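Let's take a walk through a structure together, one piece at a time. Keep the picture in view and try to find each part as we come to it.

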Amino acid sequence: MSDAPGPKPRKQTPRVPSNVLYERIVPIALAVMAIALVIVIVIAVIGLVGAIE
Amino acid sequence: MSLSTILPLASTIISAIFAILLFRRYAEKRRAHLLVWGIGLVIYGTGTFAEFYSAQAWSATIFRLWYLCGAVLAAAWLGQGTIYLLLRRRGVANALMALLLVGTLIAAVHVFSTPLNESLFSPKLPLSEQYATRSAQGIVGIMPEGGVRSYSFLFNIFGTVALVGGALYSGYLFWRKRVMPNRVLGNVFIALGGLSPALGGTLARIGAPEYLYLSELFGVIVIFIGFLLATRPQPVDVPAAQMA
């Protein structure tokens, strides 16, 4: 019985090792793109209103 | 070959490869977002193919397909794919899908019934530089003002908010939980890639159309990289104690 299969190992979620670069750059990148998204939408809405086109 | 030929041709080839990959994944996994993204990439590639074709010759049908696919539908369909991925309430996603289908039909009818000034076409210029009539600035283009041009922004805002906003939201969630770094990076790339043609289209709308083709190529490449990063299986570091 010693070679009976043990409990199936649980699938683990990959975790991020401590990394200062990753911790700082990712939120900055996300924030910059969120601002860019807002700017693009504002310009598109202004275009809609007819102020530009 | 000019940039007006090379850039959209490259975008078309990459879109086609990306779409095939998405449809193959859909055949395996049967997830709605993969199918809708795949359709979105076919629409995106149709738009860029129309740009490539129009650098060689004029075709009213190709021009209409360019506007319908590239300027109206591509972002919306890609965004709808993200809606299916992120929204847990399938009923809401299906309702938005139904709206998009109706909108697609209306826009198609509208685009194909719009009169065009074909005599103004030049294969030497990108379509983005010659399509728009802007009477306030005294510019006469291939397409008149109004019509589908007056509401195409609705599709683009919906699509860009869903695609880019969804990627930013997912990336932030994974980053905050400190899990799945491949998905964090993948979503950063998808958001960047989604922003690129949105910015290019916005610049074209406000009178700086020369960046559109480049922004489309950059966008599809970066979204593709993001998708590959986000879906790449990641090895798990199992603690030594658990391995024993």
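Start with α1(B), and look at which of its residues are tucked away: Ser4(B), Leu7(B), Pro8(B), Ser11(B), Thr12(B), Ile14(B), Ser15(B), Phe18(B) and Leu22(B) are the buried ones. If you check their numbers, it helps to know that an α-helix has 3.6 residues a turn, so residues three or four places apart point the same way. What do the buried residues of α1(B) pack against? Their partners are α2 and α7 (212–231) of chain B. Bear in mind as we go that this is a predicted model.

How about the length of this helix? The 27 residues of α1(B) should span 39 Å at 1.5 Å a residue, and the end C-alpha atoms sit 38 Å apart, which agrees. Right after α1(B) comes Arg30(B), with a positive phi near 55°. Arg30(B) belongs to the loop that links α1 (3–29) to α2 in chain B, and its positive phi turns up in a residue other than glycine. Is Arg30(B) buried or exposed? Arg30(B) is exposed, because just 9 other C-beta atoms lie within 10 Å, and a residue with 12 or fewer counts that way.

Cross that loop and you reach helix α2 of chain B, residues 32–54. α2(B) has 23 residues and reaches 33 Å from its first C-alpha to its last, close to the 33 Å expected at 1.5 Å a residue. α2(B) is mostly covered, with 20 of its 23 residues buried. One residue to pick out in helix α2 of chain B is Thr46(B). Thr46(B) has 20 other C-beta atoms within 10 Å, so it is buried; the cut-off is 20 or more. Now look back to α1(B): Thr46(B) and Thr12(B) are 34 residues apart in sequence, yet their C-alpha atoms are 7.2 Å apart in space. Setting aside neighbours within four places in sequence, Thr46(B) is in contact with Leu65(B) and Cys69(B).

Next, find helix α3 of chain B, where Leu73(B) has its place. Leu73(B) counts as buried because it has 27 C-beta neighbours inside 10 Å. Which residues does Leu73(B) touch, not counting those up to four places away in sequence? The list is Ile43(B), Leu68(B), Thr104(B), Ala107(B) and Phe155(B). For another sense of scale, the C-alpha atoms of Leu73(B) and His33(B) are 16 Å apart, with their positions 40 residues apart along the chain.

Let's stay with α3(B) and see how helices can meet. Two packed helices are described by the angle between their axes and the distance between the axes. For helix α3 (residues 60–86) and helix α5 (residues 152–177) of chain B, the angle is about 35° and the axes are 7 Å apart. The crossing of α3(B) past α5(B) is left-handed. Among the residues making the contact are Ala71(B), Ala75(B) and Gly79(B) of α3(B), together with Phe155(B), Gly159(B) and Ala162(B) of α5(B). Sorted by class, this contact has 13 nonpolar, 9 polar and no charged residues.

Two loops are worth a stop on either side of α5. In the loop between α4 (90–112) and α5 of chain B you'll find Ile139(B). Ile139(B) has 11 C-beta neighbours inside 10 Å, so it counts as exposed. Beyond its neighbours within four places in sequence, Ile139(B) is in contact with Ala132(B), Thr133(B) and Arg134(B). Then there's Met180(B), in the loop between α5 and α6 (181–205) of chain B. Its phi is positive, near 45°, in a residue other than glycine. Met180(B) counts as buried because it has 21 C-beta neighbours inside 10 Å.

Now zoom out. Chain B has 8 helices and 0 strands. Along its principal axes, the C-alpha trace of chain B spans about 75 × 40 × 35 Å. A compact globule of 244 residues would have a radius of gyration near 18 Å, and chain B has 19 Å, which agrees. Of those 244 residues, 49% count as buried. Of the contacts in chain B between residues at least 6 apart in sequence, 66% join residues at least 24 apart.

And don't forget chain A, which has 1 helix and 0 strands. Of its 53 residues, 13% count as buried.

Technical notes. Residues numbered from 1 in each chain as written. Chains lettered and ligands numbered in written order. Predicted model: local features only at pLDDT ≥ 70, side-chain atom pairs only at ≥ 80, totals over all residues. Helix = DSSP H or I, 4+ residues; strand = E, 2+ residues; numbered from the N terminus. Expected span 1.5 Å × (residues − 1). Axes fitted to C-alpha atoms, helices over the stretch in contact; angles between N-to-C directions. Left-handed = near helix turned anticlockwise from the far one by under 90°. Contact = placed C-beta atoms within 7 Å. Nonpolar A, V, L, I, M, F, W, Y, C, P; charged D, E, K, R; others polar. Rg over C-alpha atoms; globule rule 2.2 N^0.38 Å.
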